[in-house]
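I opened this entry to keep track of what I looked up, starting from the fold and ending at the aromatic rings.

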Amino acid sequence: MASEFKFEVGKRIKKCRKNLELTQEAFADKVGMTAHQISRVENGHEEISSRNLAKIAEVFDISGDYLLLGIDNGRISVEEKLKFMKWFREGKLLFGDESEEMK
């Protein structure tokens, strides 16, 4: 996954966590991750698996589209759409567990 994409996903996860007024530890406990993993994901240093992303979306009733693409209320900004299209064309939208399967 492109580092810019990881950073954007992590930024949205962090925004959701802060809006829920949860510490990284409390958030991690609820989704079955460690606080260290959450920190690394939020800061764009670690890829989040599709399984963990789906768990976050499910547990906190957050749209997976929002976490991945920045879609809010069924709309996506042109800037976000262009970034997504670029990453897709470059083959950089694989997640940690999926990229391992591709090797």
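The notes below go from the whole chain to a single pair of side chains.

**Model.** I am working from a predicted model.

**Secondary structure.** I counted helices and strands in the protein chain and got 7 helices and 0 strands. Reading along the sequence, I wrote the pattern down as α-α-α-α-α-α-α.

**Burial and surface.** The protein chain has 103 residues, and I found 39% of them buried. For the accessible surface of the chain I noted about 6400 Å². Carbon and sulfur atoms account for 49% of that surface.

**Contacts.** I took the contacts between residues at least 6 apart in sequence and asked what share joins residues at least 24 apart. The share is 65%.

**Aromatic rings.** I searched the whole structure for aromatic pairs and found 1. The rings involved are those of F27 and F60, with centres 4.8 Å apart. Their planes lie at 5°, so I entered the pair as stacked; the cut-off for stacking is under 30 degrees.

Where do the two rings sit along the chain? F27 belongs to helix α2 (residues 24–31) and F60 to helix α4 (residues 50–60). The two residues are 33 residues apart, and I noted that the pair links distant parts of the chain.

Are the partners buried or exposed? F27 has a relative accessible area of 0%, so I logged F27 as buried. F60 comes out at 15%. The limit for buried is under 20%, so F60 is buried as well.

Conventions
Residues are numbered from 1 along each chain as its sequence is written. This is a predicted model: local features need pLDDT of at least 70, side-chain atom pairs count only at pLDDT 80 or more; totals for chains, interfaces and linings use all residues. Side-chain values use heavy atoms; hydrogens and water are left out. Rings of Phe, Tyr and Trp (its six-membered ring) pair if their centres lie within 6.5 Å; planes under 30 degrees apart count as stacked, over 60 as edge-to-face and the rest as tilted. Helices (H or I, at least four residues) and strands (E, at least two) are DSSP runs, numbered from the N terminus. Buried means under 20% relative accessible area, exposed over 50%, partly exposed in between (1.4 Å probe, protein chains only). Contact means heavy atoms within 4.5 Å. Accessible areas come from the Shrake-Rupley method with a 1.4 Å probe; for residues, only the protein chains shown count as cover.
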